[in-house]
Amino acid sequence: MKSPKTEKDQFIIHYKKNAKDYDVTRDYRNSITRYFYNKQVDFVLSAFKNVDNIVEVGAGTGKFTIPLALAGKHVRVIDSSQEMLDILVGKANKHGVSDRISVELGDIEDLNLPDCSAEAVLSIALVRHLGDPSRAVSELSRILMPNGIFVLDYLSKYYFLIPNIF
């Protein structure tokens, strides 16, 4: 088997292969991780309080998708892993919000959406996996309507190399 050519390709393969274990490895039962997760969700819900339709790129298994849908938002999800999308759909069904979520397989660097078509755009912890983050940010910006809301989380890939100072 040929090895992946880019960092992005490596992460796509990783998430496809590990989709079934994704939520287990990000278990929010620990009080500290639950606290920070809740803070993130609160921020996202607050940022999108005045919009109804959100495009979420790189949603994974629905860490933010499900809370947004539970809050009455309509979320169009685009992810590069069908395996992750399948898990997200299962969660949406379990929570009774599948009517508020549409999913599609896609690429953050080449979205199949018209210019200025998204009222709001959300992408959390995806852009750092790309060799050229500016290309992805340009594509997300391209689909955003004028005066739309754009929430992007960019955690540097070097973050984990920083020594723990606490």
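This is a short talk through one predicted model, from the overall layout down to a few side chains.

Okay, so let's start with the whole chain. We have six helices and five strands here. Going from the N terminus, the order is α-α-α-β-α-β-α-β-β-α-β. Of the 166 residues, 34% are buried. As for the outside, the accessible surface is about 10,000 Å², and carbon and sulfur atoms account for 55% of that. One more number for the overview: if you take the contacts with a separation of 6 or more, 67% of them are between residues 24 or more positions apart. Keep that in mind, as we'll meet some of those long separations by name.

Now, please look at helix α6, residues 133-143. Which of its residues are buried? They are Ala136, Glu139, Leu140 and Ile143. These four sit on the same side of α6, because they cover an arc of only 95° around the axis. There's a general point behind this: an α-helix has 3.6 residues a turn, so residues three or four places apart point the same way. And what covers the buried residues of α6? The cover includes strands β1 (53-57), β4 (118-124) and β5 (144-153).

Staying in that area, find leucine 111, in the loop between β3 (101-105) and β4. Although Leu111 is in a loop, it is buried, with a relative accessible area of 6%. Leaving out residues up to four places away in sequence, Leu111 touches Val57, Ile78, Glu139, Leu140, Arg142 and Ile143. Glu139, Leu140 and Ile143 should sound familiar, as they were among the buried residues of α6. Take Ile78 as well: it is 33 residues from Leu111 in sequence, but the two C-alpha atoms are 8.4 Å apart in space.

Next, charges. The structure holds four salt bridges, and I'll go through some of them.

One is between the side chains of Arg76 and Glu104, at 2.7 Å, N to O. This pair links distant parts of the chain, with Arg76 in strand β2 and Glu104 in strand β3, 28 residues apart. Arg76 itself is partly exposed, at 31% relative accessible area.

Another is between Glu109 and Arg135, at 3.8 Å, N to O. Glu109 lies in the loop between β3 and β4 and Arg135 in helix α6, so this bridge ties together parts that are 26 residues apart in sequence. Is each partner buried or exposed? Glu109 is buried, with 13% relative accessible area, while Arg135 is partly exposed, with 46%.

The same loop and helix come up again with Asp115 and Arg142, whose side chains meet at 2.6 Å, N to O. Here Asp115 is in the loop between β3 and β4, Arg142 is in helix α6, and they are 27 residues apart. Asp115 is exposed, at 52%, and Arg142 counts as partly exposed, at 24%. Salt bridges with shared partners also join Asp115, Glu139 and Arg142 into one network.

Two last stops. Serine 81 is in the loop between β2 (74-79) and α5 (82-95), and it is buried, with a relative accessible area of 0%. A polar atom of the Ser81 side chain lies 3.1 Å from the backbone nitrogen of Met84.

Then, on the outside, Ile32, Tyr35 and Phe36 make a nonpolar surface patch of about 350 Å². Phe36 belongs to helix α3, residues 31-47, and it is exposed, with 52% relative accessible area.

That's my tour, thanks!

Technical notes: Residues numbered from 1 in each chain as written. Predicted model: local features only at pLDDT ≥ 70, side-chain atom pairs only at ≥ 80, totals over all residues. Heavy atoms only, no water. Buried < 20%, exposed > 50% of the residue type's maximum accessible area, 1.4 Å probe, protein only. Helix = DSSP H or I, 4+ residues; strand = E, 2+ residues; numbered from the N terminus. Arc of directions from axis to C-beta. Contact = heavy atoms within 4.5 Å. Patch = residues over 30% accessible without salt bridge, like charges linked within 9 Å, V, L, I, M, F, W, Y side chains within 5 Å. Areas by Shrake-Rupley, 256 points an atom, 1.4 Å probe, with all protein chains shown as cover. Polar contact = N/O pair within 3.5 Å; in protein donor to acceptor, adjacent residues only side chain to side chain.
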